[in-house]
Amino acid sequence: MNMIENIGKVFFIAVIVKFPMNRDSLDNFDYHLKSEILAAATSSKHVWAILSDSNLHIINKSNPRNFICKPIQISGKQSLNSTCKIYVSPDENNCMIITPGFLYYYSLRNPDEAPKKLILPQSGECKCGSWFEEDGYPYFIYCTSNGEVFQLSPDSTKISNHLYSMKNKTPIYNILILNTNITYVFLFVSDHILCFFGDEPLAILFCRGPSNKVIMVGPSNTTTLDRSCKFNNQISITCAFGILTLFDFELAKSQIKYKQTVTDYNAQEIIAFTFCQYGALIAKKDKVEFISNKQTNPTKFSLNLPDVIKIVVDENHVWFITQRRFFNISLRKFLDLASEIALENKDYEFALQTSNNSNTRIIAIKHQMEVMKPPEMAKFLFSLNWPMQFIANIFIDSPKFLIQYFELILNKNCNFSIQLAHWTLILYSQIYPDSKNDFLVFIERHYSKFSRNAILQVLEKVSFWEGIEKYLYLINDIETLINMSALYQKYDSMLSILLKTENPTQFVNITLKLLNINPNQTDELFATILQTKPFTPDKIVPLLCISPNFAIQYLQTYFFKKNDIYSSILVMAYCENNTEYKIIKMVKDSLIDPCRALRFCLQSNCINAATEILWSLAKPELAIDHAIDYSIKYNLPELEEEVKKLVREEKKLDIQKRGWKRLLQKTNGNKRREIMAEVLDTNLFNFEEITNYVDDMDTIRQYKDIMLEAVNMIQEAAAPVHYRTKFAPVFIPDKLIKLTDRCVLCGTSIIGQKFVIFPCQHMAHSECLKENTQRLRKYMKTEFHDQYLRSCPVCGFASIPETSGINCD
């Protein structure tokens, strides 16, 4: 099959042209480079080429119009020939050019500079080289026709470091370096390969000498040894046997071990070759051949591309370089063509590996299903690295194949194991109960990868009780197991779990579930627990709180002396059942610390017990506060009466007054008036202390006695008062004075002191008016008009008539 029909072609000169072509268009389109390509190398972004006109071309792969052309300065009458070689550094920024007699260095970091000629030791002609990165710095290793090996730092002015010399000055025709955890250096001579290895620097590695094991390649000429490539830590070279590939290198007792394969080709016919993950591309004089990696009956086909001197396979393209042309083809197109040929040749395995066409894949898979068993097919499908959804669609009617495939992926700990486990469960459920044992093994092996809700839903759907039980035991989800046991009426299993468990939390949860399932068996269940008593009381507090009788019976064994933990549990049980008198008795009998009992009572709103405990702690203030708060909050009339009784019986007058004030603050309406009546009877308050609690509906008659008492106290305590400001007679309007009326200046009740009522109905104490006038004179430092001093301090309404001779000082 002619591949040219599917290849896009790229030519490089002043103009780049790329278009689909056939054989005819290839012959007619004869646009050449001005000079021949003598040597070429590639990196991920560029193609580096040496032309016969002594120019170095660096072409951008993604945009061939973007290129660099630099002349190579040749001395005298020398010229470049086909023996030239070019090597690109690992960082893809530098290259070394080997020409007859000289070595040139060029760096993309200095794109304006021409390739620099390097001065080398007089040790023969430079034959080959290889880049090597040591401690993050690139070095160039080159070999000479006299068998010398040198290490060169290209951007340094230092003389090359000598590393090794061959015996009898045997020429070295090629050098390859594999840099993994162990460094391997291969030197190619006429009929064998020397290998240096180790994890030391190159200088020490060469100083120690080569391995005792010599790799024989048979009698070869210098041209064949020069053709080599590296791919995935393997090396390949043309030799007398064909193409020799060495791989799987390892060290054993200071000797190198490796595996090798030989592709049967006439090395003299091979111009260039390269390997990729799908096989090998081999360039001959008139064509390019492809051969797959399959050991037996591999897929082979030829491409009608003559005079190819370099083949490169990168992530997206296959590049073919002739002496005057550059071709590239999409890697995807290349593989699609290869898969079609493989399908015609019935190489279904290779077609599956390379095809991106759904129809081709489906045809190949159906043929493979006929010859492969499910485990074997699963391994093969896994190696293809196809989208899982695509494989699932193909095998949707063959669940056994899918189960094996999914289990293989699950064993690899993939990132989407939860979703994959769910798919596998669904497939198992489709063939249940035939695969019951395999289903159980699958659950046991991969239970940690399941989504809990998903697997339970699938198992419940097919009523697979054994699977449910095994999974819940594996994840130690006893609570769910109890629920599922009840659903499947496995009551004996539930009770067995209850009596065997050593986890108190699980014991409590199981018991509570059993009580909810069958509440009529509560007494029998508690009797069983009392017979065993597997845990100390502090471990099963929720069960003890269910029944005070059960708690008391359970604690009898442990309550032979005062114990804070057990006594606290018992108090909590009493609080739960509102048996407050028992709590009070325990406090009086010193079976529990009063503060600890108080905390439990307050948390459980056992206010009677809390009040008694506070009283026993000689803290009646807190007792009154708590009692009043809860009586008002929960509207408990009987508790209010108890509060009043406590207040009345309180012997400390200041505490008693605080209690009455608290009652007045928290009540209103008739309740407040009733309490106010009792407050007035106590004779504990003066008039000023209760004015803030007077209601608008109250009358002076109610407070006449206390008001008279307040007036008498004022008169008795009053002393002669001399005012600097003399007010003229004030006309007091006919106004009804209320107990709630207040001074506009100080805000306190107007009753109880001398006051003035202005015609505007504002009222103020006489003393407050005096202080206000003095304050204004002090801070404003000015004299005021008499009219201003006679005016209301709020609205300015004059209350004192203008009279000559009035002293307003």
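Which residue stands opposite Lys-116 in E9? It is Tyr-105, and the tour reaches this pair after a few selections. The model is predicted, so local features need pLDDT of at least 70 and side-chain atom pairs count only at pLDDT 80 or more, while totals for chains, interfaces and linings use all residues. Residues are numbered from 1 along each chain as its sequence is written, and side-chain values use heavy atoms, with hydrogens and water left out.

Select residues 102–107, strand E8 (strands, E, are DSSP runs of at least two residues, numbered from the N terminus). Five of its six residues are buried, so E8 is largely enclosed by the rest of the structure (buried means under 20% relative accessible area, with a 1.4 Å probe and protein chains only).

Add residues 94–99, strand E7, which pairs with E8 in the antiparallel sense over six bridges (two strands pair if DSSP finds at least two bridges between them). Here Ile-98 stands opposite Leu-103 in E8. The hairpin of E7 and E8 has two residues between the strands, and Gly-101 takes a positive phi near 95°.

Next select residues 116–118, strand E9, which pairs with E8 in the antiparallel sense over three bridges; the opening pair, Tyr-105 and Lys-116, is found here.

Finally, select Thr-261, Thr-263, Phe-275, Asn-293 and Gln-295, which among the 22 lining residues of the second largest pocket lie nearest its centre. On a 1 Å grid over the protein atoms alone, a pocket is an open set of points where a 1.4 Å probe fits, with protein on both sides within 12 Å along at least five of seven lines, and lining residues have an atom within 4 Å of a point.

Terms used. Buried means under 20% relative accessible area, exposed over 50%, partly exposed in between (1.4 Å probe, protein chains only). Helices (H or I, at least four residues) and strands (E, at least two) are DSSP runs, numbered from the N terminus.
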